[in-house]
Structure formats: structure tokens, C-alpha cells
Amino acid sequence: MLGAWARGGWRAVRRCASLPRAVRLRVRDALGAREPAEAVRVQGWVRSVRSQKEVLFLHINDGSSLEHLQVVADSSLENKLVCLKDLTFGSAVEVQGKLVKSPHRMQNMELQAETIRVVGPCDIWSFPLKMKERHPLEYVRQFPHLRCRNNTLGSLLRIRSEATAAIHSFFQDNGYVHIHTPIITSNDCEGAGELFQIEASSEVRESAEKTHFFNVPAFLTVSGQLHLEVMAGAFTHVFTFGPTFRAENSQSRRHLAEFYMVEAELSFTESLQDIMQVMEDLFKTVTSTVLSKCPRDVELFHKYVSPAQKDRLEQILKNKFVTITYSEAVEILKQASQTFTFKPEWGCDLQTEHEKYLVKHCGEVPVFVINYPYDLKPFYMRDNEDGPQHTVAAVDLLVPGIGELCGGSLREERLPFLESRLQRLGLADAYQWYLDLRKFGSVPHGGFGMGFERYLQYILGVDNIKDVIPFPRFSHSCLL
């Protein structure tokens, strides 16, 4: 495999005590270096290995960059080798040497190796990822513990990291306080009953009549909104960004049992337009940041996964989002020549097929749909006191190819309205604490939530939402 190297009988690479102490560099920093360096050390995994006469070429990567660093080793390494057979695709290595200008036009720097040490060998015959193969996402999804070593998933995880940082920066730059809302809660914010109930493992084995661990039924959170509303009574701008859970028994390309949600609440706001403006600004700011900080990673998706997505995103970032009312949306759907699986009627929820059509009808740009039917939405949304079609001040943001990306509303801050609705729903006792918020310094306020994975799915043009999470859960038997 390694030609003259193997014939020369070189046996491995070990440290040379006479070498100067090397500066440790990440691959990204080595590639971006402006000047050569005499003694550097790079650690990572071998992405390719080939020999040419008496020269060995390695490409190594440490996850900091989509691009690999080329390592060149020649016969000067004789008598400094250990176990050449371990120097294979996938093996972990530590290379020390000189960082020099690369003669190749496509790479700024390369590393002339003085020592190479195999830290962890890789059995290439049983390793499911193969050198120089472009594995489809469906294939690597079978290996949740190894798929992060694939180029596409590596790019995804760097994009996730930058998008996460950009979301936090957006809110902090605009004066929001970050709140850590509970993951274990007794509240069902969505009111849909799609909850994961939790118990101590000992309680599952014991009698069902025994009291709960928390003395009340406890669930994994579906939203941090109600807890944010508590904080919005003391801080005018708050946000949270954490895991949420939905017990939807769906294996579709749009649903996840566990996902991350970005949520914000704004006090002293009486306008739904204020909430919508924050939603639009958040989307555009985070997307612009990701495009500027991860150009090569995003390009990989836009080149091989969704070729037309780059142009669509650039147009969206330049234009204002469209706004229509729910009633207007229903009329548009009724007049459509397309036949829908679910017939559009006023008072019925918009299905994904409806949402995608509305976006297409409005020119393939994001669309705000506002003022939904009163009976269709949860108790906390503000009554518009209109008629004869009774609505609440709610908004959903629809995006091309996905449908709903964000959902929000003004919250009902008026105690009599909220109290009356909770009583009709039989929830007044359970939400007495929520009513208390309206008794002590209540102010007009509102907020929204955005599914983080659905956002990533949209900007990258990924068809299956399970391909934008670190660990896929496409079946209940695939949990790590």
C-alpha cells in the first residue's frame, strides 16, 4: 500500500527528543496561517493516505474545518517509525514538523512531518465509512456513533455550533436575559397531551397507587414559554434555548421526539407586529452570520444536497416577509386549483400542504399568517374581541418547503378574560399561579418559539429533519 515506505522496512513514528517544543495548532489555524512556522504539532484523524515514490502524503482533519491539512513525509523520517500498517484511513495521529507554504494552488499551507505518531489505529476493513466515498445521508444514519466523522455531518455540526452562538449573540446584543427553564415540569404548555411522563425507575416496578416522585405527575417539557412569562414579570426581554420533547408517534421527515427550541418573551408590547419583527430579525441575522462564518460548510449542502437553496436564501435575506391573515389564507386555499388532502375551512388548522401552498402562492418567500380562530389556539393567546369570526392575536411564520417555522402570539394579560377561559376549560385550579401573574403588575406582553432543527433543515435544504441532529432517532431501537 505504501510502496517504497513499506519496502524500506520503516516501522513507525515516535517523538524525537532533540526537536524544539512544538506549538499545537488546529487544522483550521494551520491552513489559515500567514507565515511558515518551524515547530508545530497537529493532532487529528487520517482522511486519506497515499505514497508516491519515497514520499508519503496524508490528509488529516481534527473537526475544526471542512478542509484537510496535507502532511508530507519523506525519507528523512527513516528509523523514526513505529507500525506503519497502523497508518491508515481513520486512524488517529499526532504529527510534528514544519508548517510551510504549499506549492498547490488549492491549499495555503502544508505540514512537513518530522515525526508521526499513530495514537489510535483504525481497522479499515470493518470501519463502515470508506475513503473517497460520498456516503448518502441514509447510509450514515445507520451509524449514529460514527456518522460525525462523515464530511457532511461534520459540516452540519459546525453549522449548528455557529448558529447556536449567533442566536445567543442576537438576543444578548438586543438586551435579552437568558433564562434556563426547567426540563422537568408539571405544565403542558401546548395543551395537546403529547407528553413524555417521567417516573423514578423504582416507581415503575412498584404499585401504581404509590405517590409520584414529585407528588404530582411530571413530564418532559414541550415548551419553556410559561416559565418565560414568569420571568417577563421582572425582566422586559427574556429568552431560552434548550431541549423540548413531543411524544408524537410519528416517523415522518418533519418530526422529532427531542429537539431544541428558541423562545423569547417581550414585556410592554401591545403589537403583534413587534413580535413578528423580532422573528424576522432573528432569522435574517442568524442566517447571515452562518453564511459568513461557515461558507465552505454551507456550500457543501448547497452544492450536493440542495443546489438551488443558496439563491433562494440570498433573495429571502434581501426582502421583507409577507403578512396575511388566517381568513385571507383560507380564501386563497379555497380558490386554489390544487386538490388538498385536507379541505380548507375556516376554523380548521392549517396543514403542512396548506402552508406550503400559501408560501408558493406568495412568491416562495416567508409568510406570516396572523389572527387565528379563538377556539383553535391555547388559552394564553390574547382575545382580539372581534367578530363574527372570533380570533386571537396569534402568528405563525411559514417558510418554503417546510411550512411552519415559528409560532407566537400576544399573551392574554387581562385577568377577567384569562380567568373566564381557564374556568371554561376546567384549568383554573391547575393554573392558579398563572392567574397570579395577572394580579401583580401585569403588562401587555407576547412572545414566540422557533424550532432550531427545522430552521437548520430549511437553510441547508435538507429533506429529512433527522439529518440535522447530532444523534439520529429514526426508530425507537436506535437510541444510544
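Trainee: Why does Asp396 count as buried?

Mentor: This is a predicted model, and the value is computed from it. Asp396 has 6% relative accessibility. Buried means under 20%. So Asp396 counts as buried.

Trainee: Where is the place of Asp396?

Mentor: Asp396 lies in strand E15, residues 391-399.

Trainee: What makes the pairing of the Asp396 and Tyr372 side chains a polar contact?

Mentor: The distance is 3.1 Å. The cut-off for a pair of N or O atoms is within 3.5 Å, with one able to donate a hydrogen and the other to accept it. The side chains of Asp396 and Tyr372 are joined by such a contact.

Trainee: Which residues is Asp396 in contact with, leaving aside neighbours within four places in sequence?

Mentor: Among them are Val367, Phe368, Val369, Tyr372 and Lys377. Glu404, Cys406, Gly407 and Gly408 are also in contact with Asp396.

Trainee: Why does Leu358 count as buried?

Mentor: Leu358 has 0% relative accessibility. The limit is under 20%. Leu358 therefore counts as buried. Its place is in helix H11, residues 352-361.

Trainee: What separates the C-alpha atoms of Leu358 and Leu398?

Mentor: They are 8.3 Å apart, with the two positions 40 residues apart along the chain. Leu358 also touches Leu398. Other residues that Leu358 touches include Ile324, Ala329, Ile332, Leu333, Leu350 and Val367.

Trainee: Now the helix pairs. What makes H7 oblique to H9?

Mentor: H7 (residues 272-293) and H9 (residues 309-318) pack at about 135°, with axes 10 Å apart. Perpendicular runs from 65 to 115 degrees, and antiparallel starts over 145. The angle fits neither range, nor the parallel one under 35, so H7 is oblique to H9. The crossing of H7 past H9 is left-handed.

Trainee: Which residues in H7 and H9 meet?

Mentor: In H7, Phe283, Lys284, Thr287, Ser288 and Leu291. In H9, Leu313, Ile316 and Leu317. The residues of this contact divide into 5 nonpolar, 2 polar and 1 charged.

Trainee: Why are H4 and H8 oblique to each other?

Mentor: H4 (residues 151-173) and H8 (residues 295-304) pack at about 130°, and their axes are 9 Å apart. Antiparallel needs over 145, and perpendicular ends at 115. H4 and H8 are therefore oblique to each other. H4 passes H8 in a left-handed crossing.

Trainee: Which residues in H4 and H8 meet?

Mentor: Asn151, Thr152, Ser155, Leu156, Arg158 and Ile159 in H4 meet Asp297, Val298, Leu300 and Phe301 in H8. The split is 5 nonpolar, 3 polar and 2 charged.

How values were computed: Residues are numbered from 1 along each chain as its sequence is written. This is a predicted model: local features need pLDDT of at least 70, side-chain atom pairs count only at pLDDT 80 or more; totals for chains, interfaces and linings use all residues. Side-chain values use heavy atoms; hydrogens and water are left out. Helices (H or I, at least four residues) and strands (E, at least two) are DSSP runs, numbered from the N terminus. Buried means under 20% relative accessible area, exposed over 50%, partly exposed in between (1.4 Å probe, protein chains only). Contact means heavy atoms within 4.5 Å. Axes are lines fitted to C-alpha atoms, for helices over the stretch in contact, and angles run from 0 to 180 degrees between N-to-C directions. A crossing is left-handed if the near helix is turned anticlockwise from the far one by less than a right angle, and right-handed if clockwise. Ala, Val, Leu, Ile, Met, Phe, Trp, Tyr, Cys and Pro count as nonpolar, Asp, Glu, Lys and Arg as charged, and the others, Gly among them, as polar.
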